[in-house]
Amino acid sequence: MEETTKIDITPKSKDNDFTIDITPNWQTVARIYTAVMESNDKTTKQGRAAVVNAREDLIKMGNLLDKVIEQLNGDSDGRN
């Protein structure tokens, strides 16, 4: 089943300015990066750069989530 994206169109002010938040959730981002890494043409400079960037961003996401979990659990064991 396809995952749907919620769009927030709550007015920011009475001047009819709208905020549309189409930020994907973490799972969707991970799927996009994984698809980039699996299907990109790694024989080109741009393809290799896309794979490297996707890998680095996935690692950053993991580090961020580890820190959030650490804070939620009150842990401070120094893991990075």
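**Two helices and their contact**

The protein contains two helices and zero strands. The model is a predicted one. Of its 80 residues, 6% count as buried. The accessible surface of the protein amounts to about 7100 Å², and carbon and sulfur atoms account for 54% of that area. Among the contacts in the protein with a separation of 6 or more, 22% join residues 24 or more positions apart.

The arrangement of the two helices can be described next. Helix H1 spans residues 26–39, and helix H2 spans residues 45–73. The two pack at an angle of about 150 degrees, and their axes lie 8 Å apart. Because angles over 145 degrees count as roughly antiparallel, H1 is roughly antiparallel to H2. The crossing in which H1 passes H2 is left-handed. On the H1 side, the contact is made by Trp26, Val29, Ala30, Tyr33, Val36 and Met37. H2 contributes Ala50, Val51, Ala54, Arg55, Asp57, Leu58, Met61 and Leu64. Sorted by class, the residues in the contact of H1 with H2 comprise twelve nonpolar, no polar and two charged ones.

Two residues of H2 illustrate this contact in detail. The first to consider is Met61, which lies in helix H2. Met61 has a relative accessibility of 11%; since buried means under 20% relative accessible area, Met61 counts as buried. Which residues is Met61 in contact with, leaving aside its neighbours within four places in sequence? They are Trp26, Val29, Ala30 and Tyr33, and these four residues are also named among those of H1 that make the contact with H2. Val29 stands 32 residues from Met61 along the chain, and the C-alpha atoms of the two are separated by 9.5 Å.

The other residue to consider is Ala50, which also lies in helix H2. Is Ala50 buried or partly exposed? Its relative accessible area is 23%, so Ala50 is partly exposed. When neighbours within four places in sequence are left aside, Ala50 is in contact with Val36 and Asn40. Val36 is one of the H1 residues that make the contact with H2, whereas helix H1 comprises residues 26–39 and Asn40 therefore falls outside that range. Ala50 and Asn40 are ten residues apart along the chain, with 7.6 Å between their C-alpha atoms.

Taken together, Met61 is a buried residue of the contact, and Ala50 is a partly exposed one.

Notes. Residues are numbered from 1 along each chain as its sequence is written. This is a predicted model: local features need pLDDT of at least 70, side-chain atom pairs count only at pLDDT 80 or more; totals for chains, interfaces and linings use all residues. Side-chain values use heavy atoms; hydrogens and water are left out. Buried means under 20% relative accessible area, exposed over 50%, partly exposed in between (1.4 Å probe, protein chains only). Contact means heavy atoms within 4.5 Å. Accessible areas come from the Shrake-Rupley method with a 1.4 Å probe; for residues, only the protein chains shown count as cover. Axes are lines fitted to C-alpha atoms, for helices over the stretch in contact, and angles run from 0 to 180 degrees between N-to-C directions. Angles under 35 degrees count as roughly parallel, over 145 as roughly antiparallel, 65 to 115 as roughly perpendicular and the rest as oblique. A crossing is left-handed if the near helix is turned anticlockwise from the far one by less than a right angle, and right-handed if clockwise. Ala, Val, Leu, Ile, Met, Phe, Trp, Tyr, Cys and Pro count as nonpolar, Asp, Glu, Lys and Arg as charged, and the others, Gly among them, as polar.
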